Amino acid sequence: MFYTIVGTQWGDEGKGKIVDWLSSKADFVVRFQGGNNAGHTIKVDKNIYKLNLLPSGIIRNKKCIIGNGVVLDPWALTNEISNLRNQKININNNNLFIAENVCLILPIHKLIDEINEESRGNNLIGTTKKGIGPAYEDKVGRRAIRLCDLNDHLNLELKIKYLYDFHFPRLEKYNRSIDYNEAYEGLIKISNEILTYSAPVWKIINDAGKKNKFILFEGAQGSLLDIDFGTYPYVTSSNTSSGQIFSGTGFGIKENHSVLGITKAYTTRVGSGPFVTELDDEIGNHFVEKGQEFGTVTKRKRRCGWFDSVLVSQSISINGITDVVLTKLDVLDEMKEIKICTGYRDGEKIFNYLPFDQNIQEKLIPIYESLPGWQSSTFGTTNWNDLPKKAQEYIECLESKIGIKISIISTGPDRAHTIDRNNLLGYN
Ligand code: GDP
Ligand code: IMO
Ligand code: MG
């Protein structure tokens, strides 16, 4: 059984919670893109775990894989491992495998991320400043340092020097400098530790696939941050859509593959860029407060707005989503009226998709349908029949707009706060 989990909006939909919930039955949990720009939160009773690079399956001691499509900050990795070990999570070379050909984020990438933002003036992307974009640029530019390069210290030094020299003119232009030796010596210090996890992961997961093991592919970010299909240029630098699992891990296309689209019951976004249903009023503030909408990685306040069925439908198509998982339903509990965006208006013109042209995107006005709120608590509900009738109607209305079923509903941050409506995985 193969499941891919992707966010259908601008990230932070609750992927970590759902991957953790699903992974009770999984054999492998695999990251296939992004890096430590991701922030996935898992709550188990009183314990809260924040994961950036490690697949969420690590909390349940599942076999976890970081695929070649990820960009890996080795220092962020060692920090995360030691923080999780302090929280009594077991991490060793029997449950963590990292692709030998994964490309590394070096200190210079974080510096370039900063310079790139600075140079954009008012049009800044609002990146996480983790060096993600610059690291992917060096990968495509065939200059990147890969995990397997740590085996050969002599050539490693030459490769790092070449990479740092390549960026020298731009750094100089912005009055910045950075010593390649710092990266080289730092890598030498931790190379033994991280090389213990190095493995031919494409082989491990294809072998597991042949044995029909339960493999969960854990997406980071969301479809609207996809480098191709997102709100470019206000996106991340990787393909966040389900198609990326193949090139980001080496897993071959197989049957039996379902794609779950994790979707918030409203919409949020961190960083700059268009957001047609954004609410700049007390309802938006209510979502921030009630939903605790503050970035896991950067602690920034997330922008909030109504559910946008245009964007979610688009994500469903692009990812081949088979089932939607609706999260944070409880955040809507107090609302008198709930709106769903069903289209956009630009003068006389109506759009049932988001056009790529930035000039048009900026002018779009949302078309809404309104539903009455349920104004009672759904927090922690685990059974469909225990949901208020109006909450059920809201979910059914969303299904009719997006055209596929909402199979799992999350009613709180804890692992247990989950409704498996159609007994999708036989968890009931
Ligand atoms: P991810 O990046 O998609 O994994 O999502 P984040 O972890 O960045 O953000 C989701 C936040 O919402 C986390 O703090 C979760 O603990 C929390 N959360 C997840 N599902 C629910 C839910 O159904 N209700 C509430 N109230 N919080 C939730
Ligand atoms: P998870 O996996 C929300 C956003 C940043 C910025 C843009 C580019 O937790 O859902 P980057 O540092 O990637 O170059 O920043 O993408 N961004 C996210 N927003 N959730 C995330 O991950 C994000 N990862 C990146 O805020 O707007
Ligand atoms: Mg997040």
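Reader: Which residues lie nearest the centre of the largest pocket, and how many residues line it?

Author: In this predicted model, the largest pocket has a lining of 39 residues, and those nearest its centre are I125, T127, V235, T236 and S237. Two elements, α3 (107–119) and α4 (132–140), give two or more residues each to that lining. The most comes from α4, which gives five residues.

Reader: How is the empty space in a protein found, and what volume does the largest pocket have?

Author: The general idea is that a probe the size of a water molecule, rolled over the atoms, shows where empty space is left. For the largest pocket the volume is about 820 Å³.

Reader: What classes of residue form the lining of the largest pocket?

Author: The lining of the largest pocket divides into 14 nonpolar, 17 polar and eight charged residues.

Reader: Where does ligand 2 sit, and which residues are closest to it?

Author: Ligand 2 sits in the largest pocket. It is surrounded by 20 residues, the closest being D12, K15, H40, T128 and T236. T236 is also among the residues nearest the centre of the largest pocket. By class, the shell around ligand 2 holds seven nonpolar, ten polar and three charged residues.

Reader: Which atoms of the protein lie at short range from the oxygen atoms of ligand 2?

Author: One should ask whether the backbone or the side chain provides the atom. From the backbone, an N or O atom of G39 lies 2.9 Å from an oxygen atom of ligand 2, and an N or O atom of Q221 lies 2.8 Å from an oxygen atom of ligand 2. From a side chain, a polar atom of R300 lies 3.0 Å from an oxygen atom of ligand 2.

Reader: How much of the area of ligand 2 does the protein bury?

Author: The ligand is considered first alone and then with the protein around it. Ligand 2 taken alone exposes 550 Å², and the protein buries 97% of that area.

Reader: How much space lies in the second largest pocket, and which residues are closest to its centre?

Author: The second largest pocket holds about 680 Å³ of space. It is lined by 28 residues, and T41, G291, Q292, K328 and P413 are the closest to its centre.

Reader: Which elements supply the lining of the second largest pocket, and what classes of residue does it contain?

Author: At least two residues each come from α1 (15–22), β3 (40–44) and β4 (47–51). The largest share, four residues, is that of β3. By class, this lining has five nonpolar, twelve polar and eleven charged residues.

Notes:
Residues are numbered from 1 along each chain as its sequence is written. Chains are lettered from A and ligands numbered from 1 in the order in which they are written. This is a predicted model: local features need pLDDT of at least 70, side-chain atom pairs count only at pLDDT 80 or more; totals for chains, interfaces and linings use all residues. Side-chain values use heavy atoms; hydrogens and water are left out. A residue is near a molecule or strand if one of its heavy atoms lies within 4 Å of it. A polar contact is a pair of N or O atoms within 3.5 Å; within protein, one must be able to donate a hydrogen and the other to accept it, and residues adjacent in sequence count only if both atoms are side-chain atoms. Accessible areas come from the Shrake-Rupley method with a 1.4 Å probe; for residues, only the protein chains shown count as cover. On a 1 Å grid over the protein atoms alone, a cavity is a set of points where a 1.4 Å probe fits but cannot get out, and a pocket is an open set with protein on both sides within 12 Å along at least five of seven lines; lining residues have an atom within 4 Å of a point. A molecule sits in a cavity or pocket if more than half of its atoms lie within 2 Å of its grid points. Ala, Val, Leu, Ile, Met, Phe, Trp, Tyr, Cys and Pro count as nonpolar, Asp, Glu, Lys and Arg as charged, and the others, Gly among them, as polar. Grid points are joined across faces, edges and corners, and a volume is the space filled by probe spheres set on the points.
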